[in-house]
Amino acid sequence: MQKIGVFVCWCGSNIAATVDVQAVSDALAHEPGVVFSANYQYMCSQAGQDMIQEKIREFALTGVVVCSCSPRMHEATFRKTCEKAGLNPYMVEIANIREQCSWIHKDKQTGTEKAIILGRAAIAKVQLNAPLTAGTSPVIKRALVIGGGIAGIQTALDIADAGFPVDIVEKKPTIGGKMTQIDKTFPTLDCAACILTPKMVDAAQNENISIISYAEVESVKGFVGNFSVKIRKKARFVDETKCTGCGLCTEKCPQKKVPNEFNLGLDNRRAIYIPFAQAVPKVATIDPNYCTMLKTGKCGVCSKVCTAGAIDYRQQDEIMEREYGAIVAATGFEPISMEKFGEFAYAQSPDVVTSLEFERLMNAAGPTGGTLLRPSDGAHPHTLVFVQCVGSRCDGGEKGKPYCSKICCMYTAKHAMLTREKYPDTEVYVFYIDVRTPGKNFDEFYRRAVEDYGVHYIKGMVGKVVPENGKLKVQASDLLGGRQLHIDADMVVLAAAIEPDKSARPLATMLTASMDTNDFFTEAHPKLRPVESPTAGVFLSGACQGPKDIPETVAQAGAAASKVIGLLVKDHLTCNPCVASSNELMCNGCSACEKVCPYGAISYIDKEFRGPNRTTLVRRVAQVNPAVCQGCGACTVACPSGAMDLAGFSNAQIMSEVDAICK
């Protein structure tokens, strides 16, 4: 018979406000096997932990139940506490009476009753617990960063500076991400390229960093410290080891009318191209969708003019298999599509542009050489209307996103200031719901736009934009003035909401990482573990986790790198002893468990068994590699014969909890 101690936490008023903690500890004191039961205001405090250790020694406890907050918060804390007192850490159970009870029930009687039930279930489980011993697994001292924007670059540089090799996988032909398309950065108005280009060059020249551009992750297997990753390196049809980036091929290619995605389709490029002057790696890429040679076998001009002999029309995609100890997701963001916002005439007039397109029109390396011209006729615009929150903060999210995209207020203020500074003859109107300026010197920046540059900020929404006689008829409301406005604009700029890159969702599936309803990666804990995924060994950097500006992205990149470094400095990791095992006498060899195992921990062997009349039978049975198994429990659910069981969460233990809840 187990000797169980029960410790009920008040969690200040978090639990005690809606749960009678004294009644809970009194009720659980009468459960079978319980020899001590008490409550304390803060059980996770040093005094609370000292109490647990003291009672373990005093009553020779063989099991401990702590009724407190989520085990994700403090299970490790209480396990270490009990281990110091000589109790096996896996003889500790947490009854979550905060998130599952006090936080969702307002009635104290209801909350108290449910807390008692949850405590009773934990006691029933600990009765069947057995001491477990954790093993160890080696750590592969190499990191993978998925995404080569400013987040991925900064993360890789910080990891590399600590002496660990890093691979950056970027799906585009060059690293740099969205920041390469930006002209100036707020609130300092620094040149974005002047900040980013040295970082890109540092990454390319760092001996610990390998840049795998024009590539995508195909599959991820394994677990923290031991990930096996397949990377598809797409065919450029140009040998990277030979190409010098001279650009002669891009000048001579006869196929000139290919929409330039770097300039968001505002101009054209050649079928063979280098995205921009500072591209890293500076290697040409042939677009197979437009290359005449690849489509018809006729042309070959680029091959003829390439003095380095780098053109290779027979090049094929390459699958690379590499192993890593840690993975960082830095997949970035995309502006949302404007298709559903017909009221702004985005599809009807080329003079209605998104903010990112406006960035390219203002950029010296953009399609107009930095001169602000109307896309429709190349004329200089005199009246510009900026519309805030297009697709952000949409109720219900039918057309856009329910969240604030965070960066729009500031980059709109930047655009307005730069326009007025460069073209004093322009009138600039900004329609907004709220102006949000949460960062350092952000509010001062916005006030400069209003007070020093004369930008007209109007609280209200644009209802409709109608192209008419070479003008954009803007119908809007002025909520503070209580009037309707009609403005004849030359250009309308839409501050489009941002969303995670389309690659984020399939990547999260490969990484078995969690995502929220908006496809942003979910952090392990929003306050205490903001750069870690709930999946061990997977870390988050930049806008893949939520909307961020550049300073916040760089800060998070450094934080993610520090977590990776903290993992890679270890030679071995302690394994989770809660692993699956197969009862070979019950296993029918159906492969159901093998198919659902995300870590590839289950294999099958043919094994001999003694049959009736001393005959020998050969049966196919499952075997679990405990070094690979991560204890997710998927196999135990899928097994139709009940042969698979999970240490620490056995079928008998789970059913004992169910019985305790139902009695």
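Analyst: Let's settle the residue classes up front: Ala, Val, Leu, Ile, Met, Phe, Trp, Tyr, Cys and Pro count as nonpolar, Asp, Glu, Lys and Arg as charged, and the others, Gly among them, as polar. By that split, the lining of the largest cavity has twelve nonpolar, four polar and no charged residues. This is a predicted model, where local features need pLDDT of at least 70 and side-chain atom pairs pLDDT 80 or more, while totals for chains, interfaces and linings use all residues. Numbering starts from 1 along each chain as its sequence is written, and side-chain values use heavy atoms, with hydrogens and water left out.

User: What makes something a cavity, and how many does the structure hold?

Analyst: A cavity is a set of points on a 1 Å grid over the protein atoms alone where a 1.4 Å probe fits but cannot get out. The structure holds five of 30 Å³ or more. Volume here is the space filled by probe spheres set on the points, with grid points joined across faces, edges and corners. The largest cavity comes to about 110 Å³, and the second largest to about 90 Å³.

User: What makes a residue part of the lining?

Analyst: A lining residue has an atom within 4 Å of a cavity point. For the largest cavity 16 residues pass, with Cys-243, Thr-244, Cys-246, Cys-249 and Cys-306 lying nearest its centre. The second largest has 14, and nearest its centre are Cys-253, Ala-271, Cys-291, Thr-292 and Cys-299. Two elements, α10 (292–296) and α11 (301–305), give two or more residues to that second lining. Those names come from DSSP runs numbered from the N terminus: helices are H or I of at least four residues, strands E of at least two.

User: Why are β24 and β26 called edge strands?

Analyst: The open sheet runs β24-β25-β26 with antiparallel pairing. β24 (462–468) and β26 (483–489) each have a single partner strand, so one side of each is left without a neighbour in the sheet.

User: How do you know that β25 and β26 count as a pair?

Analyst: Two strands pair if DSSP finds at least two bridges between them. β25 (residues 471–478) and β26 have seven, in the antiparallel sense, so they pass that definition. Across from Gln-475 you'll find His-486 in β26.

User: What about the five-strand sheet: which order does it have?

Analyst: That open sheet goes β20-β27-β21-β22-β23, and its pairing is parallel. β20 (352–354) and β23 (456–459) are its edges, each pairing on one side only. β21 and β27 (residues 491–496) share five bridges, including Leu-384 with Met-491 in β27.

User: Why is the crossing of α13 and α14 called left-handed?

Analyst: A crossing is left-handed if the near helix is turned anticlockwise from the far one by less than a right angle, and right-handed if clockwise. α13 passes α14 in the left-handed way. Contact means heavy atoms within 4.5 Å, and here Met-410, Ala-413, Lys-414 and Met-417 of α13 meet Phe-442, Phe-445, Arg-448 and Ala-449 of α14. By class, that's six nonpolar, no polar and two charged.

User: What makes Phe-186 to Pro-187 and Arg-393 stand out?

Analyst: Most residues other than glycine have a negative phi, and most peptide bonds are trans. The bond from Phe-186 to Pro-187 is cis, with omega near 0°. Arg-393, in the loop between β21 (383–390) and α13, has a positive phi near 55°.

Definitions and conventions
1 Å grid on protein atoms, 1.4 Å probe; cavity = no way out; pocket = protein on both sides within 12 Å on 5 of 7 lines; lining within 4 Å.
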